[in-house]
Amino acid sequence: MPVDRAAAFTYNVGIGLFSCSVTLIIWFFWKRNFADTQEFRLLRQINGAIFLVLLSDLSIWILDGRDGVVVRVLMHGFNIIFFLMSVMVALGWLKYAWFRIFGRSLSKKQEIFFIRIPFAVLGVIILTSPITGWSYYLDQANVYHRGAFAVPQYLILQAYLLGVSVTALTKRRKEVNIDRRGELFAVAFFAVPPFIGGLVQTAFYGLSLVWPSAVISSLLLLLTQAGQAISQDSTTGLNNRRSLDKHLSLYKEDQ
């Protein structure tokens, strides 16, 4: 169902500005309040990529349909950033989630197969889109249109996110530690808001909902990590008295 263009513009610009602001806050929170480890560097990279996706999407909506060669060049640039950073989010999330689920990084072979090769293939498709129109194309009026590969590309990225969710939920079923189960649930839930946003966006073409929904996922993940940090000693990484009290209260409820 197509949405009125003026209403869609107002909504998308407004939600884009809000989502960019929240994503920046989340990024600075990761930067300022958590150690500079591989895990949190990956989270900052993911949030940085989400910010660039949101910013480029916002810019595309502002420039869409405006005349001029400069506008056309900018539209191509922002669309390339949008699609490339979308891929970076999905592949970066796989790297982070793998570490959180299994406690180790991807092996070199796994990284080549799951990260580098897909990024290279999708990167070629995206970078050549100004000529081929595979991911997107612009008509003579500089209006954006989905390319032939736009939907398959979106489905590939969703498959990455949902695959991580299924893996995390499977691992969660075998866990008995309460904090660990909560962490795995947060990892599994990351794909849910963008998936729902994608369904709504498909039904109401013209509304941008996938990436603003991803901000909700990022915020939940931040809250989960912050909650774990409160329950652990900053020096040893062991559970503190607050965590012990929580576990004891849950134990008493089960009696």
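User: Which residue forms a salt bridge with Arg 116, and how far apart are the closest N and O atoms?

Analyst: A salt bridge is assigned when a side-chain nitrogen of Lys or Arg lies within 4 Å of a carboxyl oxygen of Asp or Glu. In this predicted model, the partner of Arg 116 is Glu 111, and their closest N and O atoms are 3.9 Å apart. Arg 116 counts as exposed, because its relative accessibility is 51% and the exposed class begins over 50%.

User: With which lysine does the side chain of Glu 111 meet in a salt bridge?

Analyst: Glu 111 also meets the side chain of Lys 95, at 3.7 Å from N to O. Glu 111 belongs to helix 4 (residues 108-127) and Lys 95 to helix 3, so this pair ties together parts that are 16 residues apart in sequence. Lys 95 is partly exposed, with a relative accessible area of 27%.

User: How many salt bridges does the rule give, and where does the pair of Arg 100 and Glu 39 fit?

Analyst: The count comes to eight salt bridges. In one of them, the side chains of Arg 100 and Glu 39 meet at 3.1 Å, N to O. This pair links distant parts of the chain, with Arg 100 in helix 3 (residues 69-102) and Glu 39 in helix 2 (residues 38-63), 61 residues apart.

User: Are Arg 100 and Glu 39 buried or exposed?

Analyst: A residue is classed as buried when its relative accessible area is under 20%. Arg 100 has 16% and is therefore buried; Glu 39 is buried as well, at 11%. Both residues also belong to a network of salt bridges that includes Glu 175, Arg 180 and Glu 183.

User: Which residues form the nonpolar patch on the surface?

Analyst: A patch admits residues with over 30% relative accessible area and no salt bridge. Here the patch consists of Leu 162, Val 192, Phe 195, Ile 196, Leu 199, Val 200 and Phe 204, which together have about 530 Å² of accessible area. Helix 8 (residues 192-203) supplies the largest share, five residues. Phe 204 lies in the loop between helix 8 and helix 9 (210-230). Phe 204 is partly exposed, at 33% relative accessible area, and so passes the patch cut-off of over 30%.

User: What is the secondary structure of the protein, and what share of its residues is buried?

Analyst: The protein has 10 helices and two strands, in the order α-α-α-α-α-β-β-α-α-α-α-α along the sequence. Of its 255 residues, 43% are buried. The accessible surface comes to about 14100 Å², and 68% of this belongs to carbon and sulfur atoms.

Notes. Residues are numbered from 1 along each chain as its sequence is written. This is a predicted model: local features need pLDDT of at least 70, side-chain atom pairs count only at pLDDT 80 or more; totals for chains, interfaces and linings use all residues. Side-chain values use heavy atoms; hydrogens and water are left out. Patches are made of residues with over 30% relative accessible area and no salt bridge: like charges are joined within 9 Å, nonpolar side chains (Val, Leu, Ile, Met, Phe, Trp, Tyr) within 5 Å. Accessible areas come from the Shrake-Rupley method with a 1.4 Å probe; for residues, only the protein chains shown count as cover. Helices (H or I, at least four residues) and strands (E, at least two) are DSSP runs, numbered from the N terminus. Buried means under 20% relative accessible area, exposed over 50%, partly exposed in between (1.4 Å probe, protein chains only).
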